[in-house]
Amino acid sequence: MMVDWRIRFGVLALVWGFSFFFIKVGTEGFAPFQVTFGRLLFGTAVLAVAMAIKRERLPRGRRTWLHLTVAAFLLNSLPFSLFSYAELTIPSTLAGICNATTPLWGMLLSLVALSEDRPTRVRAAGLGIGFIGVLTVLGVWQGFSGLDVTGTLMALLASFSYAVGWIYVRRTLAGAGASNLSLAGSQVGLATLQLALVTPLFTSLPSSVEIGPLLAVIALGALGTGYAMLLQYGVVAEVGPTTASMVTYFIPVIATAAGVALLDEQLSWNTPVGAVIVLAGAALTQTRGRRAGTTIAVRASGFPKNAPAPQPATAVARHP
């Protein structure tokens, strides 16, 4: 809090934007499940230290822990693993843009799952515009020529999982009686345990460990999964959720810049144009009416969501 919020906002955007770069580098030396386990392990370590310093208590109640286990799968274990597998075959730039579709999936699902969150005409238009942007990024008129369909679908499914997880958390963990940090640290810890069980079943220890991929996984976990969450909490507390949520629109821009500049990834004209259309549609889906002032943005790993202000328990761990 001693540092101006604008600086912390910029650092937050950089860290989350570079997450896709770190994933790509990490998969050059480790299996996707190993990358995911590593990021969760180092992220948990950072949050555990923060909880110890703040003397936060773990959540109580079996029901809360059961809901956190499901949230850990939907918001961490599954999407993190999908992005890692996706970036074996697609550029980090495309993965970052796919991540930006989460608000579109969220609004689409809210039509069914959240009766109190019915869309306005503007938000419905944003949904349509956003998916036109997705088709533009994918180059649908070219028949997806040169595009790895499986990897792209994995990245889109990861974003869809984030949206499902947000709705689940909003319906089950509101009013859990624990702090945001306690819930987030517990959730990421549970996700780490899930990957600790899965990873040995599908991978074997690498024959050698290269320093570049190892540092990428450490940065992905300690910075993008742990430290970034602490930054986000501070920015939201200081300037409010509306301003803090703007970080969402910088993430694909930074992911694209990092992929092109550092990984020599190539861009065709439809990728940046489609990304702009996606972001415009996503921005429209996040508009609110008169009740906008009563909501708080919830960001757990790629984009902000809204939940009733009196329920801090909805701010759980999700990262790009």
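Is Thr 248 buried or exposed? In this predicted model, Thr 248 has a relative accessibility of 6%, and because the cut-off for a buried residue is under 20%, Thr 248 counts as buried. Its place in the chain is a loop, the one that runs between helix α10 (241–244) and helix α11 (251–263). Across the fold, the C-alpha of Thr 248 lies 9.6 Å from the C-alpha of Ala 282, although 34 residues separate the two in sequence.

A second loop residue gives a contrasting case. Arg 60 sits in the loop between α2 and α3, and with a relative accessibility of 63% this arginine counts as exposed. Here too a partner from another part of the sequence can be named, for Arg 60 and Gly 177 are 117 residues apart along the chain while their C-alpha atoms are 8.3 Å apart in space.

With these two positions in mind, the overall plan can be laid out. The protein chain contains twelve helices and two strands, and reading from the N terminus the helices come before the strands, in the order α-α-α-α-α-α-α-α-α-α-α-α-β-β. The chain has 320 residues, of which 53% count as buried, and its accessible surface comes to about 14000 Å², with 68% of that area belonging to carbon and sulfur atoms. If one takes the contacts between residues at least 6 apart in sequence, 84% of them join residues that are at least 24 apart.

How do charged side chains take part in this arrangement? Side chains of opposite charge can pair when their charged atoms come close. In this structure the count comes to two salt bridges. One of them joins Arg 6 to Asp 4, with the closest N and O atoms 3.2 Å apart; Arg 6 is exposed at 54% relative accessibility, whereas Asp 4 is partly exposed, its relative accessible area being 34%. The other joins the side chains of Glu 238 and Arg 8, at 2.3 Å from N to O. Glu 238 belongs to helix α9 (residues 211–239) and Arg 8 to helix α1 (residues 5–26), so this salt bridge ties together parts of the chain that are 230 residues apart in sequence. The two ends of this bridge also differ in their surroundings, since Arg 8 is buried with a relative accessible area of 8%, while Glu 238 is partly exposed with a relative accessible area of 38%.

Aromatic rings provide further links, and a search of the whole structure finds eleven aromatic pairs. In one of them, the ring centres of Phe 20 and Phe 83 are 5.5 Å apart and the ring planes stand at 80°, and because planes over 60 degrees apart count as edge-to-face, this pair is edge-to-face. Phe 20 lies in helix α1 and Phe 83 in helix α3 (residues 62–86), so the pair ties together parts that are 63 residues apart in sequence. Both Phe 20 and Phe 83 are buried.

Another edge-to-face pair is formed by Phe 33 and Tyr 85, with 5.4 Å from centre to centre and 85° between the planes. This pair links distant parts of the chain, Phe 33 being in helix α2 (residues 32–54) and Tyr 85 in helix α3, 52 residues apart. Phe 33 counts as buried at 14% relative accessibility, but Tyr 85 is partly exposed, with a relative accessible area of 29%. Elsewhere, ring pairs link Trp 5, Phe 9 and Phe 250 into a cluster. A ring can also face a charged side chain, as at Phe 80, where Arg 39 lies over the face of the ring at 3.6 Å from its centre.

Finally, helix α6 can be followed from end to end. This helix covers residues 121–138, and at 1.5 Å a residue its 18 residues should span 26 Å, which agrees with the 26 Å between its end C-alpha atoms. The buried residues of α6 include three glycines, Gly 126, Gly 130 and Gly 133, and among the others are Arg 123, Leu 127, Val 134 and Leu 138. After α6 comes Gly 139, whose phi is positive, near 65°.

Key
Residues are numbered from 1 along each chain as its sequence is written. This is a predicted model: local features need pLDDT of at least 70, side-chain atom pairs count only at pLDDT 80 or more; totals for chains, interfaces and linings use all residues. Side-chain values use heavy atoms; hydrogens and water are left out. A salt bridge is a side-chain nitrogen of Lys or Arg within 4 Å of a carboxyl oxygen of Asp or Glu. Buried means under 20% relative accessible area, exposed over 50%, partly exposed in between (1.4 Å probe, protein chains only). Helices (H or I, at least four residues) and strands (E, at least two) are DSSP runs, numbered from the N terminus. Contact means heavy atoms within 4.5 Å. Accessible areas come from the Shrake-Rupley method with a 1.4 Å probe; for residues, only the protein chains shown count as cover. Rings of Phe, Tyr and Trp (its six-membered ring) pair if their centres lie within 6.5 Å; planes under 30 degrees apart count as stacked, over 60 as edge-to-face and the rest as tilted. A charge sits over a ring if NZ of Lys or CZ of Arg is within 6 Å of the ring centre and within 35 degrees of the ring normal. The expected span of a helix is 1.5 Å times one less than its number of residues.
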